[in-house]
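Q: I'm new to this one and would like a close look at a single part of it. Could you walk me through the charged pairs and what sits around them?

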Amino acid sequence: MDVVIHHNPACSKSRDVLRVIQAAGYTPKIIEYVETGWTKPQLLGLFAAAGLTPRQALRTHRSPAEDLGLLGDTVTDAAILDAMVAHPVLVERPIVCTSKGVRLCRPVGTVLELLDTWPDAPFAKANGELLIDAQGLPVPEA
């Protein structure tokens with residue numbers, strides 16, 4: 001199975017999702033989108049596949065979204081999309097693509113829906129919280 005992760009190494013959740021993918025035995029294609037940027041067609045395709053609107057995929061915390069005036073109810077998806085192309089960090093992360101689908105993997109455990117195999121149990125996130133228990137079952141995230 002091919003796995004693609006749109007990754008920001010500065011994000012702990014993105015790093016955790018990458019750890020899960022690699023611990024499950026995959027060698028993902030890693031796209032550091034803050035460096036490479038986005039195109040409108042690329043974002044529209046990812047959002048459509050994931051069932052997201054640009055507003056739903058907008059990173060609102062620790063991003064320039066508020067300073068750019070993107071948080072108001074009257075801001076259009078087209079304006080948000082334009083801002084995401086201009087400021088790639090505005091896209092919430094990580095977005096993972098496999099043959100099972102495309103998901104914004106927040107919370108981290110969402111990535112398990114996209115993988116045929118999982119890491120050996122038990123498996124914890126970097127902060128020590130269990131993601132997969134000793135029986136190999138996903139642990140609900142708060």
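Which residue does D116 form a salt bridge with, and how far apart are the closest N and O atoms?

A: Before we dig in, keep in mind that this is a predicted model. The partner you're after is K100: D116 forms a salt bridge with K100, and their closest N and O atoms are 3.3 Å apart. D116 lies in the loop between strand 4 and strand 5 (123–124), while K100 lies in the loop between strand 3 and strand 4, so the pair ties together parts that are 16 residues apart in sequence. How open are these two to the outside? D116 is exposed, at a relative accessible area of 52%. K100 comes out as partly exposed, with 42%.

Now look at the place where K100 sits. Strand 3 covers residues 95–98 and strand 4 covers residues 101–104, and the two pair in the antiparallel sense over 4 bridges. Between them runs a hairpin, joining strand 3 to strand 4 through 2 residues. If you want to find one of the pairings yourself, start at T98, whose bridge partner in strand 4 is G101. As a rule of thumb for reading such strands, side chains in a regular strand alternate between the two faces of the sheet.

Back to the charges. The salt bridge count comes to 8, and a good one to visit next is R59 with E92. Their side chains meet in a salt bridge at 2.7 Å, N to O. R59 lies in the loop between helix 3 (40–50) and helix 4 (77–86), and E92 lies in the loop between helix 4 and strand 3, so this pair ties together parts that are 33 residues apart in sequence. Both R59 and E92 are buried.

Another one to look up is E141 with K125, a salt bridge whose closest N and O atoms are 3.1 Å apart. E141 is in the segment after strand 6 (130–132) and K125 is in the loop between strand 5 and strand 6, so the pair ties together parts that are 16 residues apart in sequence. E141 is partly exposed, with a relative accessible area of 26%, whereas K125 counts as buried at 9%. There is also a network to trace: salt bridges that share partners join R59, E92 and R106 into one.

While you're around strand 3, take a look at H6, which is found in strand 1 (residues 4–7). H6 is buried, with a relative accessible area of 4%. Leaving aside residues up to four places away in sequence, H6 touches a list of residues that includes R93, P94, I95 and C97. Also among the residues that H6 touches are Y33, W38 and L46.

Since C97 has come up, what about the cysteines? A disulfide is a covalent bond between the sulfur atoms of two cysteines. A search of the whole structure finds 0 disulfides. C11 is in no disulfide, and the nearest cysteine sulfur, that of C105, is 11 Å away. As for C105, the closest cysteine sulfur to its own is in C97, at 9.0 Å, which is too far for a bond. C11 is buried, with a relative accessible area of 6%, and C105 counts as buried too, at 0%.

Technical notes
Residues numbered from 1 in each chain as written. Predicted model: local features only at pLDDT ≥ 70, side-chain atom pairs only at ≥ 80, totals over all residues. Heavy atoms only, no water. Pairing = 2+ DSSP bridges. Salt bridge = Lys/Arg side-chain N within 4 Å of Asp/Glu carboxyl O. Buried < 20%, exposed > 50% of the residue type's maximum accessible area, 1.4 Å probe, protein only. Contact = heavy atoms within 4.5 Å. Disulfide = S-S within 2.5 Å.
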